[in-house]
Amino acid sequence: MISTATPVLAAVDLARVTAAIALLGGNDTATVLAAAVPSLDEDHRAAVAKHVVMDHVALLIFPETLDGLAEDLAAQGIQVSGMTPSVVVRERLSSRYGVPLHELTVGILRTPVTDRNGMPREVEIFAMVTPPELAHIAEDERRHGRENHFALSVRRPDPTLLRGLRATIATAMRPDGGGYNGYENSTILYFRDAHGTDPAFRRLELICAGRFTQLLATHQRESCAGTELLRLLTGAWATQAIATAAELRLLDHLETIGDLPDLAAATGTDQHSLLRLLRYLTALGVVHTSGTRHSLTELGALLRSDLAGSMRPLALMYGGPFYQSFAAFTEAVRSGGESYAKVFGTHHFEHMAADPDLAELFHQSMAASNAMFAGVTRVFDFSATRTVVDVAGGNGELLSRVLRANPALHGVLMDRPHALAAAQARLADVADRVTLVPGDFTESVPGTGDVYLLSRVLHDWDDEQCSTILATCARNMPAHAELLVIERLLPESGGADSLAIPWDIHMLCNTGGRERTESHYRALLADAGFDVVETHALPLDAHLVRARRRG
């Protein structure tokens with residue numbers, strides 16, 4: 001009689017192990033980085049590769065028992081080392097499926113494999129004992145492969161190096177948990193890109209010899225999507241906390257007062273409530289707290305009212321009228337029309353023009369972002385220019401900077417009468433070289449300029465209105481004149497850190513306008529008869545787009 005033993009390892013898992021061996025044999029450190037983090041440029045990947053080396057490929061299999069597993073693999077030509085207990089993967093499975101740790105048994109087997117360069121590597125096989133009552137875990141994990149990964153070992157880990165490596169990889173892949181394996185004295189950091197092109201490279205592990213408790217705690221906290229979402233959801237609270245500090249002139253008082261009782265007296269606030277605000281502002285990086293003393297950070301100093309270029313008016317605008325309009329943002333998304341008009345009954349330019357105090361705050365808030373203007377005279381040479389026309393130039397901040405940097409230059413500021421009135425003080429020291437012209441840029445612009453400025457104008461309007469504005473400029477500008485458009489540019493692809501992305505939402509909500517990509521502006525300019533000559537980056541994620549009349 002012939003007896004047939006039931007294989008310990010299911011055929012589907014044997015096939016997965018075989019595929020992992022082949023995958024490891026076809027790769028090395030460079031190809032893993034190129035496939036797993038393709039959004040990193042070549043220089044960054046090369047820098048990472050100096051400090052890491054491909055260590056292994058890992059997968060999770062699901063035998064009913066560990067007894068005989070090594071022999072079963074050996075029968076298939078897969079020689080494995082002795083089994084060691086799993087710590088990190090076992091804890092992850094327990095947390096993911098709500099199974100108590102004591103009900104899970106997970107071991108680690110390793111089989112030697114050479115990579116594409118003939119270097120010795122390993123396939124790391126996590127084996128979870130899978131009785132029938134845990135079969136749902138096997139089914140789910142085989143489908144999603146959440147524990148499958150490539151591993152990179154850090155050559156000489158230290159806290160500073162690991163922080164840099166973690167931060168670099170995290171720009172392309174989300175933190176995905178980790179842990180400390182006391183059996184091997186190693187800290188494990190996982191990363192995942194759920195949308196990676198190749199499923200085999202969607203998960204990466206950094207193996208760091210030693211224990212890095214603080215780094216691991218940060219990584220695990222950032223691995224929780226709920227924590228990140230809660231931080232995002234509290235963004236409005238940060239806006240209001242900063243706006244409240246600005247309204248109370250707390251940042252002015254912190255310049256000379258550091259203790260809580262005197263701060264409360266100076267701001268007319270309740271001590272306990274003020275302490276809670278200060279704690280939040282400290283977490284935001286606006287205030288520095290040491291013991292019972294409080295002081296300004298460099299960030300907080302930007303909100304002092306007595307400094308040139310103070311961003312305090314911007315905080316009051318974002319925490320005031322614009323904050324109110326964002327409460328109706330859903331309507332803007334549904335209708336395509338700005339929610340500011342829904343909240344206040346009219347477009348924000350008209351609303352502010354009817355309220356002198358609000359109009360003044362708006363002009364001050366615009367001036368608070370004028371750091372972007374600092375680079376205009378650096379990237380564009382006005383020395384051959386006789387007259388510069390600032391179209392819809394508001395309070396004249398940009399024009400004043402250009403004129404101060406070019407003493408022989410004459411300026412023309414065109415805007416609505418109430419804006420020109422606000423600009424007189426700003427332009428007082430160059431008044432003998434400025435002409436103020438009331439007008440409507442949809443109808444005409446002065447025809448006397450050599451250079452025309454359109455700064456933060458086009459993003460206030462939809463494409464149709466922008467086309468009208470640009471056509472008006474083209475029709476009235478002399479043939480030799482140049483046009484300088486200053487706007488934030490949306491990234492053509494990626495670039496999630498660009499300030500233009502949130503500002504695009506701001507324009508939708510508050511003006512009905514939009515931010516645009518460079519190619520979008522090029523198309524609008526081309527339709528109006530302009531050719532783009534060059535583009536220069538400016539501070540605060542702004543850009544200068546230089547254009548000339550075609551022909």
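**Exercise 1.** In this predicted model, find the bridge partner of Val52 in strand 5.

*Solution.* Start at Val52 and look across to strand 5: the partner there is Val154. Now zoom out to the two strands. Strand 1 covers residues 52-61 and strand 5 covers residues 149-154. They run antiparallel, and six bridges join them.

**Exercise 2.** Work out which strands stand at the edges of the sheet, and why one side of each is left without a neighbour.

*Solution.* First, write down the strand order: 2-3-4-1-5-8-7-6, an open sheet of eight strands with mixed pairing. Next, check the edges: strand 2 (84-85) and strand 6 (174-181) stand there. Each has a single partner strand, so one side of each has no neighbour in the sheet.

**Exercise 3.** Which strands does helix 1 touch as it packs on the sheet?

*Solution.* Pick out helix 1, residues 11-25. Then go through its contacts: strand 1, strand 3 (106-114), strand 4 (120-128) and strand 5. Last, compare directions: helix 1 makes about 170 degrees with strand 1.

**Exercise 4.** Describe the lining of the largest pocket: which helix gives the most to it, and how do its residues split by class?

*Solution.* Begin with the space itself, about 1300 Å³. The lining has 31 residues, and Gly235, Thr239, Tyr318, Pro502 and Trp503 lie nearest the centre. Several helices supply at least two residues each, among them helix 9 (225-233) and helix 25 (500-510). Helix 10 gives the most, with six residues. Finally, sort by class: 24 nonpolar, five polar and two charged.

Key
Residues are numbered from 1 along each chain as its sequence is written. This is a predicted model: local features need pLDDT of at least 70, side-chain atom pairs count only at pLDDT 80 or more; totals for chains, interfaces and linings use all residues. Side-chain values use heavy atoms; hydrogens and water are left out. On a 1 Å grid over the protein atoms alone, a cavity is a set of points where a 1.4 Å probe fits but cannot get out, and a pocket is an open set with protein on both sides within 12 Å along at least five of seven lines; lining residues have an atom within 4 Å of a point. Grid points are joined across faces, edges and corners, and a volume is the space filled by probe spheres set on the points. Helices (H or I, at least four residues) and strands (E, at least two) are DSSP runs, numbered from the N terminus. Ala, Val, Leu, Ile, Met, Phe, Trp, Tyr, Cys and Pro count as nonpolar, Asp, Glu, Lys and Arg as charged, and the others, Gly among them, as polar. Two strands pair if DSSP finds at least two bridges between them. Contact means heavy atoms within 4.5 Å. Axes are lines fitted to C-alpha atoms, for helices over the stretch in contact, and angles run from 0 to 180 degrees between N-to-C directions.
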